[in-house]
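Student: I would like to learn how the words used for a protein model are tied to their definitions. Could we go through some of them slowly?

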2 protein chains.
Amino acid sequence: MSTAILSGKPLAALIQQEVKEQVRSLDLDGVRPVVAVVLATADESTRWYVRSIERAAERAGVGCRIIDLGHDATEQVLAGALRDLGAEPSVHGIILQTPLPAGVRTHHLVGLIAPEKDIDGANPLSLGRLAVGQPAFAPATARSVVEILDHYQVPVAGKDVVVVGRSAVVGKPLSLLLLARDAAVTVCHSRSGPLERYTKDADVVVVAAGRAGLLTGSHVSSRTVVVDVGTNVLADGSLVGDVDEASVTGTAAGLTPVPGGVGSVTTALLLLHTVEAARRQSSSTPLEAEAAEAQVLEAAG
Amino acid sequence: MSTAILSGKPLAALIQQEVKEQVRSLDLDGVRPVVAVVLATADESTRWYVRSIERAAERAGVGCRIIDLGHDATEQVLAGALRDLGAEPSVHGIILQTPLPAGVRTHHLVGLIAPEKDIDGANPLSLGRLAVGQPAFAPATARSVVEILDHYQVPVAGKDVVVVGRSAVVGKPLSLLLLARDAAVTVCHSRSGPLERYTKDADVVVVAAGRAGLLTGSHVSSRTVVVDVGTNVLADGSLVGDVDEASVTGTAAGLTPVPGGVGSVTTALLLLHTVEAARRQSSSTPLEAEAAEAQVLEAAG
């Protein structure tokens, strides 16, 4: 059995190209898309990740503002920054980068991200809107999974897709995206039955559990396409996914590698969401004016 | 095989009793819980349903205001009513009753229901909060399913639960409630594979598809508990669920009847949510004052 390796890199390049084109088109309308990243940690790998977003934005012509509030930022300061960015017309996308300082209520802060600028789908309202089919940005990682499957023409409509992991950032939003594409979706997790019970007969298995080596070749069949969302840093500093690559390669029909799979698409999607947000915000001005006028009439009448 | 008939009525009676006790306890604090139902339809069965909520509220000592805006109410009038009710301290719960007049954007209006008063979980923000584990009211029907399973001590933790139907009012919120209780959850629907592929080995099957007779005895095994969320009105005016009762009775381990199953618990839960909302809103007053004060200090300093 030869397992197709589904690299994220060609797709990431296509999305970056699309972003560049949209940047040029927005430029004709005098709009420069800008993403703001709110950062409050001394963690080196996180700061490295944020710099990688900054570099990617620069390459694509998207403005990037790093709002570094320091590792001891208070909730009040973070809340103030999010409110300011929400009100700032020159900023179109907002990322609240985790981890946040101890004692800060993350769930309270994500609710302060302006929904129309919530390009990484962190505000629960974005998740709720996705669930009911209203326009909203999905978390970039969840969308990456769907885009990779699309890119490699792996069908999900009418198919059985299993998501391993039920997190609010990947498992749950991903299951909503897959349901919207007519997949039958099973979500299993650390407290459900033996993994192979769910994964063995699946057409697609997405592993987002945060446990290195969780899914092995014995869990899947030769028709299963496996998408690995895991990012685990080993003691030697190397990055591995949740899939035991050695045993799954040779067993499954396809596998996304780590690194170079889902993660490589995520940053490109954050920038794509930023230009989409910029487009919506710049084109919605006439509608907003209309709505404001209607309110004035309502108040007057 | 003898199939246990899991009536909702004893549970509904217990919840009504709980509501009455909470009403008495709130009365000591000078609070009378009130639910408002916004109605804009001439449909007789809907108006009958709203009157049944009113009667149940009356019996439990919960105030009920029917805001009847007529079958030709505009979106602006409906929006105004929802905003007024959100701001009105004497109202603790709000139900926006469907169907709404043609041309009215339901998805826009549900977003105007104050989240703390959204006792039927209609605002997408409520769904998003449920997904991330923040306090929110689930749609009463979805919660009914979980409460019936609890009442009859049908375990879901570590079990395989299948939800047939992916609606925003039942299937999706229910899958979130079940995941939070450690079930492995599969959502299948009209575009997924043959029903028995999903339901045959399940511990619990919840049918919420809106199709009379969809699930038959051949789809389930003797260890499956079946919960029927369907409410289909036949040509002769009788009410049936999505389950073919004749064939499932004698095959499955348990079955909730229609009528007298999930539906009979739903109204009781709407009243329970109303008293819970009244309790939260009356006890949160000091906190809100504190937050307002903090904002004043923030603005000053």
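Student: What makes one say that helix 2 of chain B lies across strand 2, strand 3 and strand 4 of chain B?

Tutor: Helix 2 (residues 44-60) of chain B lies across these strands, where contact means heavy atoms within 4.5 Å. Helices (H or I, at least four residues) and strands (E, at least two) are DSSP runs, numbered from the N terminus. The helix runs at about 155° to strand 3 of chain B, and such angles run from 0 to 180 degrees between N-to-C directions, with axes being lines fitted to C-alpha atoms, for helices over the stretch in contact. This is a predicted model, in which local features need pLDDT of at least 70 and side-chain atom pairs count only at pLDDT 80 or more, while totals for chains, interfaces and linings use all residues. Residues are numbered from 1 along each chain as its sequence is written, chains are lettered from A and ligands numbered from 1 in the order in which they are written, and side-chain values use heavy atoms, with hydrogens and water left out.

Student: How do you know that strand 2 and strand 4 of chain B pair?

Tutor: Two strands pair if DSSP finds at least two bridges between them; strand 2 (residues 34-39) and strand 4 of chain B have four bridges in the parallel sense, so by that definition they pair. B:Val35, for instance, has B:Gly93 in strand 4 of chain B as its bridge partner.

Student: Why is the sheet of chain B in the order 3-2-4 said to have strands at its edges?

Tutor: Three strands form this open sheet, with parallel pairing. Strand 3 (63-68) and strand 4 (93-96) of chain B each have a single partner strand, so one side of each is left without a neighbour in the sheet. Neighbouring strands of this sheet are turned by 20° against each other on average, direction ignored.

Student: What makes a space in the model a cavity?

Tutor: On a 1 Å grid over the protein atoms alone, a cavity is a set of points where a 1.4 Å probe fits but cannot get out, and lining residues have an atom within 4 Å of a point. The search of the whole structure finds one cavity of 30 Å³ or more, and the largest cavity has a volume of about 110 Å³. Helix 7 (171-180) and strand 6 (184-188) of chain A and of chain B each supply at least two residues of its lining.

Student: How many residues of that lining are nonpolar?

Tutor: The lining has eight nonpolar, two polar and two charged residues. Ala, Val, Leu, Ile, Met, Phe, Trp, Tyr, Cys and Pro count as nonpolar, Asp, Glu, Lys and Arg as charged, and the others, Gly among them, as polar. Among the lining residues, A:Leu176 and B:Leu176 are therefore nonpolar.

Technical notes. On a 1 Å grid over the protein atoms alone, a cavity is a set of points where a 1.4 Å probe fits but cannot get out, and a pocket is an open set with protein on both sides within 12 Å along at least five of seven lines; lining residues have an atom within 4 Å of a point. Grid points are joined across faces, edges and corners, and a volume is the space filled by probe spheres set on the points.
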